[in-house]
Amino acid sequence: MARADYETRPLDCWPKVKELRLNYYREIATARQEGKLVVTGGADAPTALLAGLGDYVHLSGEPYGATVGSDPQLSQQCLEETEARGFAMDMCSYMRNYWGSMYLNRYFFGGEFPRPDFCFQMHICDTHGKWWQVVSEHFGVPYFAVDFPVMARGEREDIRREYLVAQFHGAVEWLERVSGREYNDELLIEAVKNECWSSALWTEIMALNKAVPAPLDQKSIFSLFVPLVLFREKKESVDFHRVLLDEVKDRVAGGIAALATERCRLLDDVQPPWYFLKLYRYLEQYGAVVVASWYSVFLFGNPGEQPDGTWGRALHPEERGMPLRTRDDALRALAQWLLEMPVYDLHYLPQSKNEITLRLAREWHTDGAIMHLNRGCEIACMGTMETRLALLKEGIPVMTYESDMADKRQFDEAKVYDQLDSFMENLGMTKL
Amino acid sequence: AVERFHQVVESRHDYARDWKARTGGKVLGYFCTYVPEEILYAAGILPVRILGSHEPQDVSERHIYTMYCPFSRDCLAQGLKGRYDYLDGVVTAHSCIHIRQAFGSWLLHLPVSYSHYISMPAKPRDPAAVPYLKAELALFRRSLEDWTGRAIPESDIDRAIEVYDDNRRLMRQIYELRRAESPPLSGAEAMEMVLSSMLSDKEEHNGWLAQALREFPRGEGGRSGIRLMLIGSEDDDTELIRLIESMGGLVVIDDHCTGSRYFWNRVLRGKDPLSSIADRYLHKPACPAKDYQERTRWPHIMGLVGEYGVQGVVFIQQKFCDPHEFDIPPLMDLLRRSGVPSLHLEVDVTVPAGQFKTRIEAFLEMLEPGLD
Ligand code: SF4
Ligand code: SF4
C-alpha cells in the first residue's frame with residue numbers, strides 16, 4: 001500500500017450534482033405534458049435568452065451525445081444509424097450519437113426522443129450551425145442560430161459586441177414569434193445574472209485547484225461541471241456553485257486532497273474519451289493527478305486578472321456596476337461576458353491556444369501535459385500540434401494519444417495504456 | 001488564351017515573382033475566396049490564392065493534426081517548403097477551422113510583415129451581418145493603409161470593383177458557352193481559367209478572357225461527352241478532371257470555390273463601396289459552412305443542373321472536410337429524387353487520382369449504357 005501524503009475524503013456535494021443531472025434529463029422527458037416549451041440546441045446556445053419565454057427545457061446536444069457515447073452498446077447503434085444515412089465517420093461524434101438517438105427515436109433516459117418545438121443554437125465551430133439544421137429538418141420545426149465571431153479576447157471588441165447584441169435582439173424577436181409567448185425581460189435579466197454567476201463561480205473554483213495538493217481531480221471535475229454546461233442560466237446552478245465553492249475552499253484550507261498520494265500534477269486539454277474515464281484512475285497508480293485543462297477551466301469560465309498577475313475569476317456585471325435594467329442591458333452584459341471567455345481564443349488560432357495552455361501549465365503547477373488528439377471534435381484539436389511544440393519548447397513534457405471522445409469503435413485501449421506507462425516513466429514516476 | 005491559363009497555373013510562382021519585379025508592388029497570399037480581393041487590389045497589391053501542390057509531403061504533420069483536411073495541410077506545406085517565399089503577407093477570412101489553422105501555423109513559422117484575419121460572418125443572411133462585415137472591411141482597409149503607408153481612396157476601390165466585376169462578367173460569359181450542346185472548352189480548361197484568375201493580375205487576366213472569347217469556336221466543333229457537374233470542397237485537381245474527361249465525361253458546370261463560386265455574382269452598386277463589397281461576399285453562392293439555417297445551396301445547385309443540362313454529378317470531397325460532409329448526403333438524396341445520379345469521391349490532394357478510375361468508369365457507363 002502506497003504511503004498517503006495527504007488526507008482525502010469524498011465531496012459532500014457529490015449526491016447533489018448527480019441529482020441535478022438526472023432531474024434535468026427527466027424534466028425534458030415530461031416537459032411537453034407539463035406545458036413547457038421543448039427546445040434543443042448546443043451547449044453553447046445562449047439559453048439565457050430562452051428564459052424570457054417562461055417555462056422551457058433545453059436539450060443540450062453535446063452533453064447528450066457524450067452520455068450516449070459513454071454507453072458503447074447504444075452508442076454503436078446510434079453511430080451506425082447515422083452512418084446509414086450517409087454521414088461520415090469523422091464528423092463530430094457527439095452529433096453522430098445525438099442524431100442516431102434521434103433517428104432511432106430512442107431517448108437515453110427512457111421513452112421516445114424528445115420532439116422539440118424549435119431549435120436554438122450558437123455557431124462557433126464548423127459543426128454547430130449545421131447540426132441543428134439537420135435536426136430542424138428532421139422534425140420540421142423552426143431553427144435559429146446566432147453566429148459567434150471567434151477571435152482573441154479584446155480584439156475588435158466593440159464591433160463584435162454590436163454584432164452579437166444585434167443578433168441577440170433578432171433572436172428574442174424570433175423566439176417571441178415562434179413560441180407565440182409574450183417575452184418577459186425580467187426573466188431574461190435574471191437568467192443573464194445567473195449565467196454570469198455560474199461562470200464566475202466555476203472559474204473561481206477551478207482557480208482553487210492551483211493548490212498543492214489539488215482539492216479536485218479531473219474525473220470529478222467532469223461531473224461537477226454538469227450544472228454549468230446544462231443549465232448555467234438557472235438559479236439552481238448558481239446555488240450549487242456557491243455550495244461547491246465553499247466546500248472546495250474548506251478542502252484547500254484543510255489540505256484535503258483529491259488524491260492522497262499526489263506526487264505528480266498533470267495538465268490535459270480537451271474532452272476525454274467518455275467511455276475510458278478510467279484513464280484518470282490509472283494515472284493515480286503513479287500518484288499522478290490531472291489538475292486542469294482548458295476544457296474544464298475555460299469551456300464556460302471567465303478568468304479575471306488578479307492583482308498578482310494570475311488568473312482568478314472575472315467580476316460579475318453587477319460587481320462592475322453595469323446597468324441590468326432593460327433587455328438591451330442584459331443582452332449587452334451577456335455579449336460582453338462571452339467575448340471575455342478564453343474558449344473562443346482557444347478556437348481561434350494556435351497562437352492563442354499556446355499562450356493559454358502555457359499559462360495554465362505554469363499557474364496550476366503541472367509537471368507535464370497529456371494531449372488528446374480527439375478525432376471526434378475538430379475544433380478541440382485546432383492548434384494541438386503547435387501547442388505540443390510550444391510546451392516542449394518550455395521544457396514541459398507532453399504525451400499525445402489518439403481516440404474519439406464518443407466513438408469507441410476504433411479505440412486502442414492497450415496502446416494508450418502503453419503510452420501512459422512510458423510517459424510516466426519518462427517523468428521519473430513509478431507505480432506506487 | 002486557354003494555353004496562357006494553363007501556363008499561369010503551372011508556373012504560378014514565377015508569374016507572381018515576375019509581377020513583383022515588373023511593378024515593384026507587394027504580393028499577398030490569401031487562403032479563402034471569402035477574402036474581398038477588391039480592397040487589396042485597390043491598395044496596389046497582387047492577391048494570389050495559396051493552393052497545394054498535390055505532392056506527398058511530410059512537413060505539416062508536426063503542425064496540423066492529420067484529421068484536418070489534406071488541402072489545408074498541403075497549403076501549409078507549400079509555405080514550409082519555401083515555395084511562397086516571395087509573399088509580403090498573408091490574409092484569410094473566416095470560413096472553416098481547417099484553413100484557419102493553416103493560416104495560424106503559417107504565421108507561427110513563416111514570418112511575414114503583414115497579416116490580417118477577416119471575421120467573415122458564418123450566417124451571411126442575418127441582417128446583422130452587413131453592418132458587421134462593413135465594419136470589418138473598414139478595419140481591413142485601414143490596416144492595409146497603415147502597412148503600405150498610403151491611403152486607399154474610394155475612387156481606387158471603385159476602380160478595383162470595376163476590374164473585378166469585368167473579370168466575373170467575362171468568366172460568367174465563358175461559363176454560359178458551356179450550356180451549349182458542344183461547349184468550346186473542357187472542364188479542366190474551365191477550371192484552369194478560374195485558377196489562373198486567382199493567381200494573376202485581374203486586369204491582365206481580363207485581356208486573356210476577352211481573347212479567349214474571340215478565339216472559342218461557336219456552334220459545332222466543340223467538346224462532347226456525358227454532361228457532368230462537379231460539386232464539393234476546395235478542388236484544384238485538374239488531373240482528376242482530365243481523367244474523367246478522358247473517359248467520356250465532360251464537365252459543363254461546377255459548384256466549387258475554385259470554380260463558379262469564385263466569380264458567380266458581381267458587386268451590386270448603389271451603396272458605398274465597402275457596403276456593396278460586403279453585400280457581394282455575403283450573397284455569393286454559399287460555402288456549405290455558411291449555409292444554415294435555410295438552405296440557399298439547394299435551389300442554386302438545382303438551377304445549374306437544369307440550365308446546364310447536367311446528366312450526372314460528381315462530388316469531389318476533401319477527406320475530413322466537415323462542411324461538405326454535412327451537405328453531401330442530403331444533396332445526393334435530393335439529386336436522386338430529381339432523377340440525377342451522382343458519384344461521391346473522397347480525395348486526398350496528395351493521392352494520385354488514378355485510384356478512382358474504376359468507379360468513374362462504372363458511373364459513366366451507368367449514365368450512358370453501351371459507352372465504350
Ligand atoms: S465538433 Fe466539437 S465544438 Fe463542434 S459541436 Fe462537436 S464537440 Fe462541439
Ligand atoms: S476543403 Fe473543406 S475543410 Fe478543407 S479548407 Fe476547404 S472547406 Fe475547409
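**Notebook: loops, ligands and helix crossings**

I began in chain A, where A:P213 lies in the loop between α8 (185-208) and α9 (218-224). I note at once that this is a predicted model, and I read each entry below with that in mind. When I looked up the bond leading into A:P213, I found that a cis peptide bond joins A:V212 and A:P213, with omega at about 0°. I wrote beside this entry that most peptide bonds are trans.

I then turned to chain B for another cis bond, and I found that the peptide bond from B:Y292 to B:Q293 is cis, with omega near -15°. I placed B:Q293 in the loop between α12 (273-282) and α13 (297-307) of chain B.

Back in chain A, I looked up A:H365, which sits in the loop between α16 (350-363) and β9 (368-374) of chain A. The phi of A:H365 is near 55°, a positive value in a residue other than glycine. For comparison I noted that most residues other than glycine have a negative phi.

Next I went to the ligands. Which residues are around ligand 1? I listed A:E62, A:C92, A:Y94, A:C125, A:T127, A:H128, A:W131, A:Q271, A:C377, A:I379 and A:M405. Sorting this shell by class, I counted seven nonpolar residues, three polar and one charged. I also recorded that the space taken by ligand 1 is the largest pocket.

For ligand 2 I moved to chain B, where the residues around the ligand are B:C69, B:F71, B:C96, B:H98, B:I99, B:S233, B:E234, B:Q318 and B:C321. The shell around ligand 2 divides into five nonpolar, three polar and one charged residues. Is the space taken by ligand 2 the largest cavity or the largest pocket? I found that ligand 2 takes up the largest cavity, whereas the space of ligand 1 is the largest pocket.

I finished with the helices of chain B. Helix α7 (residues 154-177) and helix α9 (residues 202-215), both of chain B, pack at an angle of about 25°, and their axes are 9 Å apart. Because angles under 35 degrees count as roughly parallel, α7(B) is therefore roughly parallel to α9(B). I added that the crossing of α7(B) and α9(B) is left-handed.

My last entry concerns α13(B) and helix α14 (residues 322-337) of chain B, whose axes come within 12 Å and cross at roughly 50°. That angle makes α13(B) oblique to α14(B). In this case I noted that α13(B) passes α14(B) in a right-handed crossing.

How values were computed:
Residues are numbered from 1 along each chain as its sequence is written. Chains are lettered from A and ligands numbered from 1 in the order in which they are written. This is a predicted model: local features need pLDDT of at least 70, side-chain atom pairs count only at pLDDT 80 or more; totals for chains, interfaces and linings use all residues. Side-chain values use heavy atoms; hydrogens and water are left out. A residue is near a molecule or strand if one of its heavy atoms lies within 4 Å of it. On a 1 Å grid over the protein atoms alone, a cavity is a set of points where a 1.4 Å probe fits but cannot get out, and a pocket is an open set with protein on both sides within 12 Å along at least five of seven lines; lining residues have an atom within 4 Å of a point. A molecule sits in a cavity or pocket if more than half of its atoms lie within 2 Å of its grid points. Ala, Val, Leu, Ile, Met, Phe, Trp, Tyr, Cys and Pro count as nonpolar, Asp, Glu, Lys and Arg as charged, and the others, Gly among them, as polar. Axes are lines fitted to C-alpha atoms, for helices over the stretch in contact, and angles run from 0 to 180 degrees between N-to-C directions. Helices (H or I, at least four residues) and strands (E, at least two) are DSSP runs, numbered from the N terminus. Angles under 35 degrees count as roughly parallel, over 145 as roughly antiparallel, 65 to 115 as roughly perpendicular and the rest as oblique. A crossing is left-handed if the near helix is turned anticlockwise from the far one by less than a right angle, and right-handed if clockwise.
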